Each structure stands twice: as C-alpha cells, then as structure tokens.
Amino acid sequence: MSATGDKQRLDGTPAPVVRIVGVSQRYGATAALEQVTLDLPAGGMLGLIGPDGVGKSTLLALIAGARVVQAGRVEVLGGDIGDRHHRAAVQPHIAYMPQGLGRNLYPTLSVFENVDFFGRLFGQDRHERSARIDDLLQSTGLTPFRDRPAAKLSGGMKQKLGLCCALIHDPDLLILDEPTTGVDPLSRRQFWELIDSIRARRPGMTVLVATAYMEEAARFDWLAAMDAGRVIGTGAPAALLKQTGETTLEGAFVALLPEEKRHDHHTLAIPPRPPSAEGATLAIEADGLTQRFGDFTAVDHVSFRIGRGEIFGFLGSNGCGKTTTMKMLTGLLPPSEGRALLFGQPVDARDIETRKQVGYMSQSFSLYGELSVRQNLDLHARLFHLPESAIAPRVDALVSRFDLTAYLDAAASELPLGIRQRLSLAVAVVHEPKLLILDEPTSGVDPVARDEFWALLIELSRQQGVTIFISTHFMNEAERCDRISLMHAGRVLASDTPAALCAARGMATLEDAFISYLEEASGIGSKPAAPAGGKAVAADVAEDGARAPDEGEGSSATADAGCAGKGGAGSPAQPPPWFSLRRLLGYSYREALELRRDPIRLVFALLGSVLLMFVLGFGISFDVEGLRFAALDRDQTPESREYLHNIAGSRYFIEQPPLRDQADLDRQMQRGELALAIEIPPGFGRDLRRGRATEIGVWVDGAMPYRGETIRGYVEGIHRQYLAAQVFAKTGAEAPAVASIESRYRYNQDVRSIYAMAPAVIPLLLIFIPAILMALGVVREKELGSITNLYVTPVTRLEFLIGKQLPYIAMSMLSFFLLVLQVIVFFDVPVKGSFLALSVGALLYVTATTGIGLLISTFTNTQIAALFGTAILTMLPTVQFSGLTSPVSSLEGLGYWIGQCFPATYFLIISRGVFTKALGFSELGTQFLALAAFIPVLTLASLALLRKQEK
Amino acid sequence: MKPSPTFSSRFLGHLSNIYRLGLKELRSLGADKVLLILIAWAFSGAIYEAATGTSLELRKAPVAVVDLDQSPLSRRLADALYPPYFRAPDKITLEEVDPAMDHGRYSFTIVIPSNFQRDLVAGRQPEVQLNIDATIMSQAFIGAGYIQNIAAAEIGEFLTGRRDGSEAAIKVVTRARFNPNLNGLWFGGVMEVINNITMLTIILVGAALIREREHGTIEHLLVMPLAPFEIMLAKIWANGLAVLAGASFALFVVVQQVLQVPIAGSTLLFLAAAALYLFAAASIGVYLGTVARSMPQLGLLIILVIIPLLLLSGGVTPRESMPAAVQDLMLLAPTTYFVRLAQAILYRGAGLTAVWVDLCAMLALGSVFFTLALLRFRRSVTQTQV
C-alpha cells in the first residue's frame with residue numbers, strides 16, 4: 001500500500017489537517033526525505049513509526065514550521081507553511097515538542113518558570129498565565145514539583161513538563177516527536193493517559209506523534225510507517241496488520257520494508273544455554289554497589305551474579321543507573337560503596353590484565369569517526385597488543401563475520417547507524433574477550449538491524465561461551481536475555497528470567513510485570529485503576545481495528561473539528577501582533593534567570609573582567625624601569641666615577657657590579673643580565689680636565705626595540721643634564737641656552753603607564769567579554785535545541801534579539817561599574833571628568849558590543865566557534881586599530897578605516913577623555929553620536945541574518 | 001602475554017601504545033580542516049601580520065604646529081618633522097590646540113611664539129612650547145625626546161650653519177646590540193611565533209581531550225589495557241609535533257626568508273627548547289582539559305589562562321616594569337622561561353650554557369602540570385557534561 005492509495009481513500013473526506021506534496025529534504029549529501037506525499041487526517045491520534053534516522057523528525061519539524069521546506073509543499077491548517085504570513089497566523093495554534101528529553105526546556109529554570117515563559121511567548125497576561133499553569137500542573141501531577149529545576153526532573157516528568165509548555169496556548173495541532181523514548185514504562189503509560197484525558201477535554205485537537213516503540217503505536221488511530229525518507233505504508237493499525245498478515249506491528253513494519261532490507265530477516269531463535277560447568281567462577285559478581293554524586297544516589301546497593309556464557313539484561317529507563325552500574329564494573333567509576341568481582345578478581349582501574357578479558361561498548365558511538373573501519377579495527381588490535389602476525393587475519397575474520405567488507409575504507413562517522421553498531425561490537429571483541437559489557441547497543445537501530453545484531457550476540461554467547469551483560473529499554477530485547485534485572489531510580493526491583501518475572505506478578509507481558517513492580521516501588525500500590533487502564537487501551541485498539549472499514553465516518557467527524565480549529569486560525573482570528581513587549585520581556589526575564597543560575601558564565605563575566613583588568617593593566621605597561629646596568633670603567637678616575645654615579649642615581653637604573661673586561665660585558669649582555677652597559681675609555685678624566693673631546697661607549701640591549709629606544713632616550717637625557725651641570729660647575733652660570741623648549745606632558749604629568757592604560761583597557765574588556773557572552777547566549781540555544789521555541793512560537797526575531805540582549809547589557813553595565821571601581825581603588829587612577837558622561841557612553845557602548853555578539857551568533861553554530869570567532873573578531877581590531885597603544889590618526893589605509901568603523905575607537909576617546917582629560921558631554925558630542933549610530937545598524941544586520949526557521 | 005612481563009617488555013608496550021595512540025591523534029587532527037587552517041594561518045600569515053603591523057615604536061606620530069612666528073626658522077622647524085617617525089605636521093591655530101588634543105587627534109602640538117626668530121637672533125632666549133599627550137604612552141616619551149633633539153639641531157644649524165654644532169666635550173656613542181637599528185619587525189615576528197606556540201598548544205591539546213570526553217571515546221580507551229599517562233603522552237607528542245612543525249616553518253621561512261630577520265643563535269637549540277616548552281604547555285592544556293567539563297567551559301578557561309601567559313611573560317612588555325608580585329607569580333609559568341631563553345638564543349646568540357637553567361625550570365613546571373593532570377584524569381572523565 002502506498003501513500004497514493006491512501007490519498008484516494010481520503011479524497012471523499014474534507015480537507016486534511018496537514019497535506020504534504022512531493023517533499024524532499026537533504027542535509028548535505030544525505031537525503032532525509034525523498035518525495036514524500038502524504039495527507040494527515042484531522043482529529044485523532046496520528047502516528048509516524050519507524051526507527052531513528054528515517055526522516056520522522058524532519059517531517060514533524062517541517063509541519064511545525066521549524067524548518068525551511070526545501071522542495072515540495074507542506075500545507076498545515078489550510079495554508080502553505082512555507083508562507084511567512086500563514087506561518088505567523090497558524091503558529092499560535094500549533095504546539096511542537098521536539099525530540100530528546102526536555103530539549104526545548106530550560107534546565108536551570110523551575111517547572112513553573114518554564115511553563116510561565118511559554119505563556120509569555122504567547123502573549124498571555126499574568127492572570128491568565130497563573131490560572132492556566134495551575135490547571136496544567138494540577139492535571140499533569142506536577143504541582144508538588146512546581147519549584148524544582150527542570151534538569152532535576154526524571155525523564156517522565158520532563159516530558160510531562162514539555163507537554164504543559166506545549167498546551168499552555170490551547171493548540172489545535174499538537175506535534176510530539178518521540179515523547180516517550182527513554183522513559184520508564186509506568187511514566188510512559190501515565191503520559192498516554194494524560195494525552196487521552198486532554199483529548200477528551202479538547203476533542204478537536206489533532207495529536208501527531210512520532211515513535212520508535214511499535215507497542216504504543218498500536219493504540220493510535222492512524223499510522224504512517226517510514227523508512228529511509230519514504231512513507232512505506234499508511235492506515236489504521238489494524239488495517240496495517242491485516243494488510244501484511246502479521247500479528248504484531250513490529251512484524252508488520254518489517255513486512256512493509258523494501259525487499260532488499262528484509263531479505264535475510266527471519267525470526268530470531270535463541271538456543272537454550274548449555275549448563276555451565278560445575279564450580280566455575282562467576283563472570284560478574286556485584287555486591288551492594290552504590291554510587292553517589294554529591295547528595296544524589298545514582299546507584300543504590302545493587303547486587304547481582306552473572307554466570308559464564310549467560311546473556312544478562314538490565315532493563316530500565318534513561319537515568320535509572322544502568323550506565324553508572326556498567327561504568328563501575330568496567331572500573332571507569334570507583335564505587336562509593338560495595339564491591340564488584342570480575343572472574344573472581346576485584347575490579348581495579350589499574351589492573352591491566354583483567355581489562356584484557358572485557359569488551360565494552362558505551363552508550364553513544366565511541367569509536368573514532370574520522371578513522372576508517374579498517375583503521376579502527378587495526379588500532380584496537382594493536383592497542384590490545386595482538387601479535388603482529390595475528391592482526392591482519394583477525395581483522396579480516398571480523399570484517400567478514402560482521403559483514404563489514406563493503407565499508408572497509410569508509411570513515412566510521414559516515415556509516416549508517418546499524419552498521420556503526422556492528423563495527424562497535426566488532427571492535428569490542430577484537431581481542432576475544434570473555435565478557436562483553438554493552439550499554440544500550442541497539443537504541444535507534446531499526447528492527448531488522450537489531451535482529452542481526454542480536455544474532456551476533458547469540459552466536460558469541462552460545463558458541464564461544466562469551467558472557468554478555470547488556471542494558472536496554474526495549475521490552476522485546478529484554479525478553480531475549482537469559483535473565484534480566486528490572487532497574488528503577490538506582491535500584492534493582494527484581495532479577496530473574498523474563499518468564500519467571502511475568503509469572504511472579506501474574507502478568508501476561510514483561511511490560512505489565514515491570515509496571516506492576518514500578519507501582520509497588522513508587523508506592524502507588526496496585527490500585528485497580530492502573531491495570532484496568534492498560535486493559536482499556538488494549539480494548540481501544542481492538543475497537544479501532546473493528547471500526548477500520550468505516551474509517552471514513554470517523555474521519556469526517558474529526559475533520560470538522562479540525563476545520564473549526566482552522567477557521568479560528570484563519571480569517572477572524574487576529575494574527576498575533578508583530579511586536580509585543582511582553583514576549584520581548586519574556587525572553588529577557590528568562591535569560592536573566594538562566595544567567596543568574598549559571599555560575600561559570602557569571603564568574604567569567606564579572607570576575608573574569610576584573611582579573612583581566614589586573615593582567616592588562618600591569619601587562620601592557622610602557623614604563624621602562626628597573627633596568628640593570630653595569631659599567632666598564634677603564635679610567636677609574638674621580639671624573640669617571642662621577643659620571644657613572646650620575647647614571648646610577650637615576651630611578652630607571654639599578655647598578656650591577658662593575659664589568660671586568662669586554663668579554664665580561666659581552667657575556668652578561670648575551671645572557672640578558674644587563675639592559676645597559678657603559679664603557680668609559682682610558683684617559684677620560686684627563687681628557688675632560690684638559691677640555692679635550694672624548695667618547696663614552698653606551699651599549700643598549702636592543703632585543704626588545706621599544707625598551708632599547710627608551711633606554712637610549714634616558715641615557716641621552718641624563719647625559720645632557722650632566723653636561724649642563726659641568727658647565728654650571730665651571731662657569732657658575734646656566735648653560736647659554738639659545739632657545740628653550742618647554743615640554744608639557746599633558747593629562748598624565750608623571751607619564752605613568754597605568755594612567756593611560758587603565759582607561760583604555762575598560763573599552764577593551766567591555767567589548768571582549770560582553771560580545772563573547774552574548775554570542776554564547778544565543779548559540780547555546782542553537783546547540784541545546786531551545787532555539788526551536790523561536791522557530792515555532794509567535795515570538796518575532798526582533799523580540800528575540802532585543803529580549804536576549806537586555807540582560808547582557810545590564811550585566812555589562814554592572815561589570816563596567818566594577819571595573820571603574822577597581823581602577824579608582826586599586827590602580828589609583830581618578831576620574832577627572834563627568835562620571836555621568838562616562839556611564840552614558842558605557843551604556844551606548846555595551847549595547848553596541850553586545851550587538852556585535854548577536855551579529856556573530858547569527859552565523860556561528862557551535863559554542864566553541866562563537867567563542868573563538870568573537871574573541872578574534874573583537875580583540876584584533878580593538879588592540880590594533882582603535883587607538884589602544886598608538887593613536888588612530890597614526891594609522892593608514894585599511895587599518896584606519898577599520899578603526900573608524902569600530903565602536904571601541906569612540907568609547908576609547910570617551911573613556912580616556914573623562915578619566916584623564918576631565919571632559920564631559922559637551923566636548924565629546926560627536927563620539928556619543930557615533931556610538932549611538934552603531935546600535936541600529938548592528939541590530940538591523942542581526943535581524944537580517946537571523947533565521948526564523950532552521951535550514 | 002605472560003602474567004608477569006619483564007620491565008623492558010612492559011616499557012616497550014607503553015611506548016608502542018603511546019606511539020599508536022599518537023598516530024591516531026595525528027589522523028584525527030588531519031581530518032579536522034578548521035584546525036589545520038588555524039595552524040597554517042597562525043604560523044604564516046599571522047606572523048607576517050604581527051611583525052609588519054602596528055608596533056610599539058614611534059611611527060607616524062600625529063603632530064600639529066601652531067606657527068605664530070611665520071618666519072623662515074619657524075617653517076624650518078615644522079618641516080623638520082617628517083615620516084617615518086612623524087606625520088607631516090598640520091598647521092592649526094592656538095584655539096584649536098585644546099580641543100584637538102582633547103580628542104586625541106594629535107600626540108604632539110608645538111607652539112612657536114611670535115617673533116621667535118627675531119628674539120632668538122637677538123639672544124632673548126625665546127621659548128617653544130611642546131604639548132605632549134601623555135596618554136599615548138608608546139609615543140609620548142620617545143617622541144618628545146626626538147622633537148627636542150630635532151628642534152635643537154635645527155636651531156643650532158640656523159645659528160651656526162653647522163649641523164653638529166655641539167661644542168660638548170663628551171660625546172655619547174650609543175650602540176644597540178642585537179638589533180642595531182632597533183627594528184620592531186625583528187621583535188614582533190619572533191615573539192608572535194612564541195605566542196602562537198603557547199596559544200595553539202594549549203588549545204589543541206585541551207580541545208582534543210574535551211572532544212574525546214564529549215564523544216565518550218576516552219572511556220573506551222580507559223577500559224582497554226591502557227594507562228592514563230599513555231593517553232596523555234600520546235596527545236602531547238602528536239599535537240606537539242604538529243605545532244613544532246608549524247613553528248619551524250614560521251622560523252625558517254617566514255621569519256628568516258620572508259621577513260629577513262637575522263637569527264643570532266642556533267635555531268636547532270631553539271627548536272629543542274621549543275620541544276621542551278611544548279611538553280610544558282601541552283601539560284597545561286591537558287590539565288585545563290581535565291578541569292573544564294565541556295568545550296565552552298574550556299574556551300572561557302583558556303581565555304583566562306592564555307591572556308596572562310602571553311602578556312605577563314615578558315614577550316610583549318619587559319618584565320622589569322611589572323610589579324614585583326606579578327613578576328614572582330609569573331615564575332610559575334613555563335612561558336616566562338621560554339620567552340627569556342628564546343630572546344637569549346635568537347637575538348643574543350646565547351648557547352646551551354647560558355640557558356640550561358631555564359630549560360630545567362620548564363621541564364620541572366611541565367612535570368608538575370603533567371602530574372596534576374594525571375591525578376585528575378580518571379575523575380574528570382566521569383564528570384563530562386555533554
């Protein structure tokens with residue numbers, strides 16, 4: 001059955017809620033969607049099924065308007081979502097929860113603050129928000145956790161919170177991308193019950209869900225199965241089962257796969273485990289293993305024993321402690337309490353020999369993506385010190401056994417997920433370990449590849465006697481293990497064979513058994529409602545199946561509701577205002593909260609600038625002092641000693657023991673021990689007395705040219721004074737100066753570097769740090785995924801930009817006041833001019849510099865790129881072209897123009913002017929105007945470059 | 001393998017692991033085009049740019065002259081200021097002096113009073129006023145000295161007709177050693193090589209460690225029969241080698257060939273010292289990589305560490321002029337020793353006997369950071385934030 005067949009069936013029904021025509025989407029060379037044409041019926045629960053990476057998320061993002069449609073047409077709620085105006089009009093009626101636990105939430109914000117923020121984005125006033133939030137938290141059972149930060153919620157609670165955020169504005173179309181992946185079965189069941197109750201209250205709402213769990217898809221009204229960017233089947237679950245003649249949806253999905261993908265797929269058979277030899281030591285023995293991180297107990301007294309050759313499974317949700325337990329067994333984490341034995345030996349991180357018996361596959365793909373398949377295998381074989389002659393045959397054997405021949409020279413990062421996991425397993429067994437520890441090796445892998453992977457595991461276990469310790473959150477995988485442990489919240493609830501666990505709770509399936517254990521553990525007790533709910537779900541599915549033939553009726557009824565929703569979105573309903581102060585301040589408020597709770601960024605912003613002020617204030621010093629000098633006095637007369645005494649008396653020079661000879665002078669200068677050496681020729685005193693011309697040799701260390709030049713200036717100055725004193729002593733009169741040159745060192749009478757540098761470093765720091773933090777603030781959202789909220793809510797780009805900028809301006813001003821205080825108190829540099837003028841200048845300036853950060857953030861995608869990009873782009877022009885060390889008017893050509901077009905140039909003049917030249921507003925008018933002019937230019941540029949949709 | 005391997009086979013095993021892991025490190029680096037471009041630029045264009053760009057020496061200082069005299073002598077004084085030290089002076093009025101200096105348009109203004117030439121000839125000792133903007137530290141002192149010398153010479157020549165009309169009995173012959181013309185390009189180019197060695201080594205090694213932590217590959221290595229010090233040493237030698245190759249190119253091609261800077265001492269000795277310094281800097285990088293929990297944190301940390309290292313180690317301004325406390329504190333940074341010995345070797349032609357103490361200090365400090373990193377290594381791996 002294809003999408004076109006489905007379309008025909010729907011032709012008689014009113015407009016679908018979503019209509020997708022010929023949509024293709026590519027990311028670089030990989031195609032995420034290929035020519036997808038699909039109509040989604042309005043109303044009801046719609047599911048997209050298929051493993052990771054088949055294009056489900058892309059499709060949902062396109063429907064939500066989060067991504068730009070590359071080719072084809074996507075119509076949502078009666079209009080083209082690619083059209084900006086339609087998007088703005090319908091976005092208040094769509095809610096989108098992206099994939100990943102709490103991905104569009106803000107981890108440091110509390111439950112209440114998260115929902116509150118979303119309320120602000122939809123322009124709700126305080127009264128409306130608080131009423132809605134109370135209601136939502138009540139119905140999701142989150143009220144007791146109102147003030148808990150989102151980061152500290154369990155996976156299930158995070159998803160409930162995500163749901164609250166999505167429902168705050170009564171959407172007509174609710175899009176959920178894998179909302180239950182990695183969530184424990186009880187929370188999963190509660191989640192769906194919640195959705196059901198919400199739908200009961202809002203029957204017109206269409207819920208579109210992507211999921212990788214086939215079991216839960218069975219209860220949806222309508223499904224679209226996807227594979228490799230294509231839709232391979234649509235219809236009600238029962239219809240799909242009937243069409244393929246399978247009994248489970250998973251089976252139906254495999255049957256719908258193209259021929260070449262399932263050619264060698266057959267139901268997996270697991271041969272029974274041969275009885276282990278008597279008295280053999282256990283492979284793993286864990287006794288009261290406990291792991292605490294601070295006051296959080298990740299693993300709480302876990303004990304189990306695993307025999308040799310056994311396949312032992314850990315079943316549990318994300319964050320229940322599976323990974324932590326495995327890390328303790330591999331020695332990566334020393335346990336806080338308890339002990340673990342591998343083959344009778346205590347686990348010891350330094351015990352190289354035990355590690356040779358263990359193969360480990362961590363949760364994420366952890367091979368070197370840039371190395372090829374062969375290089376990865378070869379590297380690991382060598383690191384395990386396989387004999388040189390054995391390496392090539394072993395690699396060849398693994399390549400053929402794991403069917404990697406076709407990919408031998410491909411970079412590991414380019415491989416499809418299923419192949420990558422096979423490679424990981426091949427690498428983990430390269431040294432023929434006796435024990436394999438596999439942490440969720442099959443998450444995200446499609447059912448066929450998963451079965452192939454299991455076939456390899458079974459072969460390793462049954463034929464080679466390898467013990468396998470595996471964790472999973474798939475029930476059907478757990479059922480394949482010899483024995484499993486059910487884990488929840490750091491504790492093992494029960495351990496036995498899957499069949500025995502079911503029998504112990506009197507349940508038909510492992511899932512029900514697990515839920516029953518979970519209820520017992522969380523103290524809900526087996527009140528009749530929960531199991532009854534489970535049955536009700538099953539009944540629903542059966543009913544759906546029965547109703548399948550007259551699907552048209554149901555569709556039309558729900559489509560009406562969809563139309564009503566659409567009508568609300570379209571003509572009479574006001575498109576949201578193009579600018580809303582509430583949305584803008586919503587972003588400001590949230591950013592300020594996040595900033596306040598992020599110690600690293602806060603410390604960097606405030607203490608970092610203070611630290612750098614010290615460093616730069618002392619470091620960029622033009623004072624040349626404390627210079628070591630020594631004399632080579634070949635004369636040794638009172639006159640020569642007097643001359644040298646003159647130099648030694650200068651505050652710039654520190655006299656060293658006299659030099660013995662020329663070689664001594666050379667040696668000491670070469671070692672850098674002397675900055676200056678003075679050679680007085682023999683007969684100096686005699687010549688002087690007779691009034692004969694004589695020459696003094698001065699050696700200056702020129703290795704550091706600026707210093708050399710200054711030393712030369714000092715020596716010449718001292719020499720002139722000496723000569724004048726000589727004349728005075730002889731004639732008793734002032735030197736017959738013909739004309740005098742009166743030098744006035746203005747603004748800095750002592751010519752002390754710090755007076756000049758401290759006011760100049762303030763502009764440097766106020767561009768560097770604010771711009772970096774601003775850029776990070778935006779790019780963080782891109783990296784963590786919460787940028788989606790810009791894409792799919794009515795907030796406009798201008799509100800987003802300015803809203804995010806305000807807290808950073810405030811923080812930079814605080815930093816400014818700290819810096820000024822530091823300069824006055826620690827560097828003893830007074831503010832001579834108008835402090836008000838300086839502050840107003842600083843305000844304009846940090847607005848401009850955070851604007852630069854915003855601009856950079858629009859074209860960088862990773863925090864690290866934003867960090868160094870901003871650092872280089874702000875540092876270089878500030879240090880070189882804005883007059884920090886040499887005045888802008890000394891520059892020429894490009895450097896001059898960069899200086900003219902850079903805000904630091906103008907604030908530098910203001911800062912130096914106010915600090916050292918006692919200036920105020922009236923004298924610095926042009927500088928203020930120039931600074932102010934940067935602000936709209938930068939904002940407009942960021943506005944033009946920021947995207948309201950992902951590409 | 002046998003249960004109790006001999007010492008030498010264990011040693012060879014360690015070496016082999018370090019070698020293999022290092023090769024992998026080089027491959028990873030080779031696959032990262034952005035980093036390669038960064039390294040290439042840092043040791044070619046950036047060196048040239050820094051050497052020929054703005055410098056601290058007096059160059060094209062903006063000057064204005066208020067000529068109230070309008071005599072041949074006053075014009076002669078104004079004309080005596082010309083590039084490269086000064087820009088050709090602007091002629092302004094007395095009223096313009098204050099606002100122009102307030103806005104920093106001129107570093108120097110010279111006011112020649114009316115009747116200057118007449119008074120001079122009449123022996124009335126007229127006074128020229130030289131206003132110096134003392135907030136322009138790089139120009140103020142030296143520039144003022146130059147202007148005084150130039151003016152005195154012009155006046156002397158005007159009166160006596162002789163240029164060196166000095167009747168002084170004692171002449172000072174100043175010779176700048178190691179850089180006779182005090183050419184700033186010599187200094188800037190080589191110091192930029194040193195700065196970029198510091199910056200790149202710390203960034204490359206720190207980022208390589210964090211990247212492996214974020215990808216989980218480091219855990220993978222730790223469950224294999226590998227010791228943390230092998231992993232660390234592999235990162236150090238591989239990234240160090242890349243930086244050393246870049247630094248050699250910068251020294252031999254950019255500094256010696258393109259910029260034509262003469263190198264006084266042994267370049268081989270310098271490169272050997274650089275290799276030792278790379279160990280120390282890379283150890284700091286590994287250490288930072290164990291302290292930070294994510295790449296952005298590492299970035300912020302690196303900024304706070306590198307800027308003091310570059311500015312306070314004596315590579316930009318002389319150490320003597322810093323406060324004593326800062327000087328003492330910077331003795332804990334290997335960069336201080338490297339800058340000192342690099343200046344000694346490259347400019348002053350110092351040999352091993354002159355720099356061996358600094359070499360030992362770098363080795364010791366490098367070992368301290370290496371040990372600190374080693375102590376944190378295992379613990380840090382479990383604290384990664386992804």
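Let's start with a strand pair in chain A. Strand E11, residues 284-293, pairs with E12 of chain A in the antiparallel sense, over seven bridges. Ile284(A) stands opposite Ile306(A) in E12(A). Keep in mind that this is a predicted model.

That pair belongs to an open sheet. There are four strands, in the order E12-E11-E14-E15 of chain A, and the pairing is antiparallel. Which strands stand at the edges? They are E12, residues 296-306, and E15, residues 345-346, both of chain A. Each has a single partner strand, so one side of each is left without a neighbour in the sheet. A helix covers part of this. Helix H12 of chain A, residues 322-330, lies across E11, E12 and E14. Helix H12 runs at about 120° to E11(A).

Now the annotations. The unreviewed UniProt entry gives "domain: ABC transporter" for residues 18-253 and 284-514 of chain A. Take residues 18-253 of chain A. This span is 38% helix and 26% strand, with end C-alpha atoms 23 Å apart. Residues 284-514 of chain A come out at 37% helix and 26% strand, and here the ends lie 24 Å apart.

One hairpin, while we are in that span. Strands E19, residues 483-488, and E20, residues 491-496, of chain A pair in the antiparallel sense over five bridges. Ile484(A) faces Asp496(A) in E20(A). Two residues sit between the strands, and Ala489(A) takes a positive phi near 45°.

The same kind of record also lists "transmembrane region" in chain A, again from an unreviewed entry. The ranges include 754-779, 862-882 and 927-946. Residues 862-882 of chain A are 90% helix and 0% strand, and the end C-alpha atoms lie 29 Å apart. For residues 927-946 of chain A, the numbers are 95% helix, 0% strand and 29 Å.

Next, chain B. How many residues does each chain bring to the contact? Chain A gives 107 residues and chain B gives 104 residues. On the chain A side, the largest share is 13 residues, from helix H28, residues 705-731. By class, that side has 53 nonpolar, 34 polar and 20 charged residues.

Strands cross between the chains too. E25 of chain A, residues 740-746, runs parallel to E4 of chain B, residues 127-133, with seven bridges joining them. Glu742(A) stands opposite Gln129(B) in E4(B).

There is also a shared sheet. It is open, with five strands in the order E22(A)-E21(A)-E23(A)-E24(A)-E5(B), and its pairing is mixed. E22 of chain A, residues 653-655, and E5 of chain B, residues 170-177, stand at the edges. Each has a single partner strand, so one side of each lacks a neighbour in the sheet. The twist averages 25° from one strand to the next. Inside, E21, residues 627-633, and E23, residues 676-680, of chain A pair in the parallel sense over five bridges. Phe629(A) has Leu676(A) as its bridge partner in E23(A). Helix H26 of chain A, residues 662-670, packs on the sheet and touches E21, E23 and E24 of chain A together with E5 of chain B.

Last, the cores. The largest nonpolar core has 374 residues. Among the members that touch the most others are Ile175(A), Leu765(A) and Tyr277(B). Helix H29 of chain A, residues 753-784, supplies the largest share, 22 residues. Beyond its sequence neighbours within four places, Ile175(A) is in contact with residues including Leu60(A), Tyr96(A) and Leu208(A). Another core lies apart, with 29 residues, among them Ile647(A) and Tyr714(A).

Conventions
Residues numbered from 1 in each chain as written. Chains lettered and ligands numbered in written order. Predicted model: local features only at pLDDT ≥ 70, side-chain atom pairs only at ≥ 80, totals over all residues. UniProt positions renumbered as here; feature names shortened; annotations may be inferred. Contact = placed C-beta atoms within 7 Å. Nonpolar A, V, L, I, M, F, W, Y, C, P; charged D, E, K, R; others polar. Pairing = 2+ DSSP bridges. Axes fitted to C-alpha atoms, helices over the stretch in contact; angles between N-to-C directions. Core = buried A, V, L, I, M, F, W, Y, C linked by C-beta atoms within 7 Å. Buried ≥ 20, exposed ≤ 12 C-beta atoms within 10 Å, placed from the backbone.
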